[in-house]
Amino acid sequence: MTKRFLDFASLALATGLGVAYLTPFAKATLASAVTVAVYAALTWGNVSFNLLLIPVIAAIFFVGVAVSARVKTDDDPDPSLVVIDEVAGQLTACLILVPVEWWTMLAAFLLFRVFDVLKPLGIRRLEAVPNGWGIMLDDLAAGVLAALVINAALFIGNALN
């Protein structure tokens, strides 16, 4: 494959198949919203899809590491056009052990965005990992944290009923 094709393919994947070009600001939020919408449309009312989601997230994560490393520059180590990290992180936040409903998807979206922006519990340190890994790892960690919070709240809520 030629370098030109690899650069184009990397940019296409890194930008969430062009989603990042749809808005001049809040690219990450738009990518997260599109991810939730696509996920919800594919899985509405079905929790068994989550078993398939784990290898999908892993594939997106490793592809994201590679394409992020190609797209980033020394001047911009985490370009706003790169949103494949939001796709992986948001899908991780959707790993909820109940059927998909509007409120679970809203919770997954909001918690992921909050944790992605605030980067609590040392998540910010993951950004320093080089070569595309840091771009992906901090969002994956934010997604894991969002999924843990949602599932813990659901477990506690069910236990109290």
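# Reading charges and cover in a predicted model

Mentor: Asp-7 and Lys-3 are four residues apart in helix H1 (residues 3-14), about one turn of the helix. Keep in mind that this is a predicted model.

Trainee: What makes the contact of Asp-7 with Lys-3 a salt bridge?

Mentor: The closest N and O atoms of Asp-7 and Lys-3 are 2.7 Å apart. A salt bridge needs a side-chain nitrogen of Lys or Arg within 4 Å of a carboxyl oxygen of Asp or Glu, so the pair of Asp-7 and Lys-3 qualifies. In general, side chains of opposite charge can pair when their charged atoms come close.

Trainee: Why is Lys-3 called exposed?

Mentor: The relative accessible area of Lys-3 is 56%. Exposed means over 50%, so Lys-3 is exposed.

Trainee: And why is Asp-7 called partly exposed?

Mentor: Asp-7 has 30% relative accessibility. Partly exposed lies between under 20% (buried) and over 50% (exposed), so Asp-7 belongs there.

Trainee: How many salt bridges does a search of the whole structure find?

Mentor: It finds seven. One of them joins the side chains of Asp-116 and Arg-113, at 2.7 Å from N to O. Both residues lie in helix H5 (residues 102-118), three residues apart, which is about one turn of the helix.

Trainee: How do you know that Asp-116 and Arg-113 are buried?

Mentor: Asp-116 has 6% relative accessibility, and Arg-113 has 12%. Buried means under 20%, so both count as buried.

Trainee: What makes the contact of Glu-127 with Arg-124 a salt bridge?

Mentor: Their closest N and O atoms are 3.7 Å apart. The limit is within 4 Å, so the contact of Glu-127 with Arg-124 counts. Glu-127 is partly exposed at 33%, and Arg-124 is partly exposed at 44%.

Trainee: Which residues are linked with these in a network of salt bridges?

Mentor: The network consists of Arg-113, Asp-116, Lys-119, Arg-124, Glu-127 and Asp-138.

Trainee: Why is Lys-27 said to have no salt bridge?

Mentor: Asp-76, the nearest side chain of opposite charge, is 11 Å away from Lys-27. A salt bridge needs N and O within 4 Å. Lys-27 is buried and has no salt bridge. The residue sits in helix H2 (residues 27-43), and its side chain reaches the backbone oxygen of Thr-23 at 2.5 Å.

Trainee: What makes that reach to Thr-23 a polar contact?

Mentor: The distance from Lys-27 to Thr-23 is 2.5 Å, and a polar contact asks for N or O atoms within 3.5 Å.

Trainee: How do you know that Thr-43 is buried?

Mentor: Thr-43, also found in helix H2, has a relative accessible area of 2%. That is under 20%, so Thr-43 is buried. Its C-alpha is 9.4 Å from that of Glu-101, although the two are 58 residues apart in sequence.

Trainee: What makes Asp-78 fit for a surface patch?

Mentor: Asp-78 has 33% relative accessibility and counts as partly exposed. Patch residues need over 30%, so Asp-78 passes on that point. The negative patch is formed by Asp-74, Asp-75, Asp-76 and Asp-78. Asp-78 is found in the loop between helix H3 (49-71) and helix H4 (84-93).

Trainee: Why is Trp-102 called exposed?

Mentor: Trp-102, in helix H5, has 60% relative accessibility. Exposed means over 50%, so the word applies to Trp-102. With Trp-44, Trp-103, Leu-106 and Leu-110, Trp-102 makes a nonpolar surface patch of about 600 Å².

Definitions and conventions. Residues are numbered from 1 along each chain as its sequence is written. This is a predicted model: local features need pLDDT of at least 70, side-chain atom pairs count only at pLDDT 80 or more; totals for chains, interfaces and linings use all residues. Side-chain values use heavy atoms; hydrogens and water are left out. Patches are made of residues with over 30% relative accessible area and no salt bridge: like charges are joined within 9 Å, nonpolar side chains (Val, Leu, Ile, Met, Phe, Trp, Tyr) within 5 Å. Accessible areas come from the Shrake-Rupley method with a 1.4 Å probe; for residues, only the protein chains shown count as cover. Lys and Arg count as positive and Asp and Glu as negative; His and the chain ends are not counted. The place of a charge is taken as NZ of Lys, CZ of Arg, CG of Asp or CD of Glu. Helices (H or I, at least four residues) and strands (E, at least two) are DSSP runs, numbered from the N terminus. Buried means under 20% relative accessible area, exposed over 50%, partly exposed in between (1.4 Å probe, protein chains only). A polar contact is a pair of N or O atoms within 3.5 Å; within protein, one must be able to donate a hydrogen and the other to accept it, and residues adjacent in sequence count only if both atoms are side-chain atoms.
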